[in-house]
Amino acid sequence: MMRMIAVLTGGMLLDGYILGIVGPVSGEMAADLGVSAFWEGLIAAGALFGILIGSPLGGWAADKWGRKPLFMLDMGLFVVSSVMQLFVGFMQFFIDSPMQLFVVRLLMGVAIGAEYSVGWPLMSEFAPARLRGRLMGLTIIAWYAGFMIAFVVGHVLTEWTDLGWRAILGTSTLIAAALFIARLGMPESPRWLWNQGRRSEARAVAYRYLESSTDMADLEHEDTCKGSFGMLFSPRYWRATLFVSMFWFCAVTPYFAIATFADSVLKQYGLGGGLAGGVGLSAVALAGVVVTVLLIDKVGRRVLTVQPQWLATVLLAIIGLWADAPPVVVLALFLAFSFVNAGYNVLTSIYPGEVFPTEIRGVGTGFAAAVSRVGAGLGTFLLPWSMTNLGASASMLIAAGIAALGAALSQWLAPETKGKSLSETAAGYSH
């Protein structure tokens, strides 16, 4: 079980690293390739748009052919696409180098999307109910840690070495290769095996990896039926699909826009930005995740979902409305937002694995991830334009509106799943 936890959290650390490493090298990359603001935003958002493809496709494939094959395939794609970054600008497959880099980042996004739609369901299907929230939340700690590590590595290598931006982007190859090797020989999900009617195999895996007889008994309550994409919108599950997808969308859109361009956002408010500013936002976000993970299996899901979103809305609205606020106040508000937003982002990793049944757990998680990355991709792509053409205040008010939408939706639909078995949590929306 410890190995399973390590390779799953490692995958999320790699995801965060890949998405975070592009920010520190964006200036050097833009100068070297001669890219416009349009291409700079498109390259930064390339991995996010790739997730839009990879997450539903990977989730569908994982429900159809099993978690294990996709678990290996997506990490193999990570290795290949990471290596390809080293050669951007030297390949002749495309006319211009910005297009090359966008395509490579898009491929990496496909791999990240598959990781979301396979890794989280797999973790939920192995984790005991009493620890499921903390174990799945641990993957988000790894994600934020990866994003922060990438920010530090990118700045240090840019400022203190002669490595070019290609080599800095390519540092993700080391993590991807190590994880690919570590995943060799991992087991298939016992719940997926049972759902497919392969009960003897499911029992063999369960006896070895599941924690207790209670978990085993719950496994034997699994239905043996085939899932389909259309089930996500059936009378039984449309509420789960709506809640998970739009909650995730509203949680990540402001974060990705602000965190990816932390330097430029902070400078717009007269703050220094740079390594200290970017790391400060990421470190506070990581602290918010850790606090939530420690509380998730004690106080429950809903209280950590609804109220923090309303608080994030208020913080962003104050930043937007108080145009002449002192820089130190703006920085404090940004740090508070990062802490609160990161805390409820933990729930985006937990709810999908709990509210969907095994037969559509992969495709449900994948669809929700795809919807969320529409927001993350648009936020990352449009923020530079919005800051330039609409101004910082209007941009922050738009972000506040998105956070308010998520809060209202969660107030209506967020369930309480603390301590329940997967059979119970997946039945929560059936009536």
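## A guided tour of helices and aromatic rings

Tyr116 is buried, with a relative accessible area of 1%. Select this residue to begin; the model on display is a predicted one.

**First stop: the neighbour along the helix.** Add Trp120 to the selection. Trp120 is also buried, at a relative accessible area of 3%. Tyr116 and Trp120 both belong to helix 5 and stand 4 residues apart, so about one helical turn separates them. How are the two rings of Tyr116 and Trp120 arranged, stacked or edge-to-face? They are stacked, with 5.1 Å from centre to centre and 5° between the planes. Now include Trp248: together with Tyr116 and Trp120 it forms one aromatic cluster.

**Second stop: a pair for comparison.** A pair of aromatic rings is described by the distance of the centres and the angle of the planes. Select Phe229 and Phe233. Their ring centres lie 5.5 Å apart and their planes meet at 65°; because planes over 60 degrees apart count as edge-to-face, this pair is edge-to-face. Phe229 is partly exposed, with a relative accessible area of 40%, and Phe233 is likewise partly exposed, at 45%. In total, the model has 13 aromatic pairs.

**Third stop: two helices that cross.** Return to helix 5 by selecting residues 97-126, and add helix 1, residues 2-20. The axes of these helices come within 10 Å and cross at roughly 150°. An angle over 145 degrees counts as roughly antiparallel, and helix 1 and helix 5 are therefore roughly antiparallel to each other. Their crossing is left-handed. To view the contact itself, display the side of helix 1 that includes Met4, Ile5, Leu8 and Met12, among others. Opposite them, helix 5 contributes residues including Arg105, Met108, Ile112 and Glu115, as well as Tyr116 and Trp120 from the first stop. The residues of this contact divide into 13 nonpolar, 2 polar and 3 charged.

**Last stop: Tyr344.** Select helix 16, residues 327-345, and find Tyr344 within it. Is Tyr344 buried or exposed? It is buried, with a relative accessible area of 1%. Next, select the residues in contact with Tyr344, leaving aside its neighbours within four places in sequence: Phe247, Ala251, Leu304, Thr305, Pro308, Gln309 and Ala312. Finally, select Val306. Tyr344 and Val306 are 38 residues apart in sequence, and their C-alpha atoms are 8.3 Å apart in space.

Conventions
Residues are numbered from 1 along each chain as its sequence is written. This is a predicted model: local features need pLDDT of at least 70, side-chain atom pairs count only at pLDDT 80 or more; totals for chains, interfaces and linings use all residues. Side-chain values use heavy atoms; hydrogens and water are left out. Axes are lines fitted to C-alpha atoms, for helices over the stretch in contact, and angles run from 0 to 180 degrees between N-to-C directions. Helices (H or I, at least four residues) and strands (E, at least two) are DSSP runs, numbered from the N terminus. Angles under 35 degrees count as roughly parallel, over 145 as roughly antiparallel, 65 to 115 as roughly perpendicular and the rest as oblique. A crossing is left-handed if the near helix is turned anticlockwise from the far one by less than a right angle, and right-handed if clockwise. Contact means heavy atoms within 4.5 Å. Ala, Val, Leu, Ile, Met, Phe, Trp, Tyr, Cys and Pro count as nonpolar, Asp, Glu, Lys and Arg as charged, and the others, Gly among them, as polar. Buried means under 20% relative accessible area, exposed over 50%, partly exposed in between (1.4 Å probe, protein chains only). Rings of Phe, Tyr and Trp (its six-membered ring) pair if their centres lie within 6.5 Å; planes under 30 degrees apart count as stacked, over 60 as edge-to-face and the rest as tilted.
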